[in-house]
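Q: Please take a close look at the enclosed spaces of this model, and then place them in the setting of the surrounding chain.
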Amino acid sequence: MQLSPRLGRYALHLLLVAAGYYLGARLGLLQALVNDQVTPLWPPTGVAVLALVLGGLRMWPGVAVGAFAVNATLTDIGSTVLISAGNTLGPVVAYLLLSRAGFRQEMDRTRDALTLVFLGAFVAMAVSATIGSGTLLLTGVIDGAGFWSTWAVWWTGDALGVLVLVPIALAFRTLRLRNHPARRWMEAAALLVSTTVVMAVATTHDLRLMYLVFPFLIWAALRFQHLGTAPCALIATTLAARGAAMSSGPFAGLDLFVRMVTLQAFNATTVLTALLLSAVIAERNAARQAIERTVAQLADVVQQYQPLLLGNVQPPQRPEKR
């Protein structure tokens, strides 16, 4: 029995989503903090939300298959089913909330930034964190004393996966390769290198200097808008998550729950600042372009009717002499 081309493409898309989820999970598990399966950076949630935003709700089977494949290597079959259901339900809730709020993939409005951070990341990912942590509690993997710290790590990792992957993926969908001057590419490279150096130093030294990344976010927004802020936010949040996982720099000496709260606050502030600044500048540029188009249209109208107007003008009459 041969599959129709449409059904074949759909199956291929589901397979790609599942594969992306699985690969992202393997990367995230490198920094696992609880039971070798709960991590402060969980890229698969970003893969899942992105797949649903781009492909619609019909992509959820790919998310479910990827989640099941990952969890099957970590827990027993019962826990695998429950945790995989939570891993799938969280992104589905995120997609439904984003759709309900009118989220646009261009993210060129301030409301899109607020919607993605608060609804797509914070609210929706609390669903998967609650189901996952509750499953570990019910199966005896963690005790009651460790529930909230586990929940915090789970929630932080899932939310960070959305915040670091979805913006940059949507930003690069709008990338148009053009002949930019060499100094433009040099400026972009300097921006990314500077952001990396500042965050690498800030997350490995006891001095609490992570706030120094914000001037670079402003620089990125002013000069490159979303295409600049998304990579900078990705660098900042990823290095911050690494510092929290290693308990280094400003995270040293903090217990697990406090580390996760601190990390989540920094991630939210960083991503929200980056997205809001780029959205505000994009709105300003769009308003300016609209004004320029209106002025050009008015100029065309005036030029079109100028001969007619001049033709109807009568020369002034001199008064007759008596």
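How many cavities of 30 Å³ or more does the count come to?

A: The count comes to two cavities of 30 Å³ or more. A cavity here is a set of points on a 1 Å grid over the protein atoms alone where a 1.4 Å probe fits but cannot get out, and its volume is the space filled by probe spheres set on points joined across faces, edges and corners. The model is predicted, with local features needing pLDDT of at least 70 and side-chain atom pairs pLDDT 80 or more, whereas totals for chains, interfaces and linings use all residues. Residues are numbered from 1 along each chain as its sequence is written, and side-chain values use heavy atoms, without hydrogens or water.

The largest cavity holds about 90 Å³ of space. Its lining, meaning residues with an atom within 4 Å of a point, consists of Gln-37, Val-38, Thr-39, Trp-42, Asn-71, Leu-74, Ile-83, Trp-154 and Asp-158.

Helix H2 occupies residues 43-55; helices are DSSP runs of H or I with at least four residues, strands are runs of E with at least two, and both are numbered from the N terminus. The 13 residues of H2 reach 18 Å from the first C-alpha to the last, close to the expected 18 Å, a figure obtained as 1.5 Å times one less than the number of residues. Of these 13 residues, 11 are buried, so H2 is largely enclosed by the rest of the structure. Buried means under 20% relative accessible area, exposed over 50%, and partly exposed in between, with a 1.4 Å probe and protein chains only. Among the buried residues of H2 are Pro-43, Pro-44, Gly-46 and Leu-50. Their cover includes helices H1 (5-28), H3 (60-71), H4 (77-100), H5 (110-138) and H6 (147-173). After H2 comes Gly-56, with a positive phi near 90°.

Most residues other than glycine have a negative phi. Gln-225 nevertheless has a positive phi near 55°; Gln-225 sits in the loop between helix H8 (214-224) and helix H9 (226-246) and is partly exposed at 21% relative accessible area. Ser-247, likewise not a glycine, has a positive phi of about 55°. Ser-247 lies in the loop between H9 and helix H10 (256-311), and its 26% relative accessibility makes it partly exposed.

The structure also holds two salt bridges, each a side-chain nitrogen of Lys or Arg within 4 Å of a carboxyl oxygen of Asp or Glu. In one, Asp-112 pairs with Arg-109, with the closest N and O atoms 2.8 Å apart, and both residues are buried. The other joins Glu-187 and Arg-223, at 2.8 Å from N to O. This pair links distant parts of the chain, from helix H7 (residues 182-202) to helix H8, 36 residues apart. Glu-187 counts as buried at 17% relative accessibility, while Arg-223 counts as partly exposed at 38%.

The unreviewed UniProt entry annotates "transmembrane region" at several spans, including 184-203 and 264-282; such annotations may be inferred rather than shown by experiment. Residues 184-203 are 95% helix and 0% strand, with end C-alpha atoms 29 Å apart. Residues 264-282 are 100% helix and 0% strand, and their end C-alpha atoms are 26 Å apart.

Definitions and conventions
Contact = heavy atoms within 4.5 Å. 1 Å grid on protein atoms, 1.4 Å probe; cavity = no way out; pocket = protein on both sides within 12 Å on 5 of 7 lines; lining within 4 Å.
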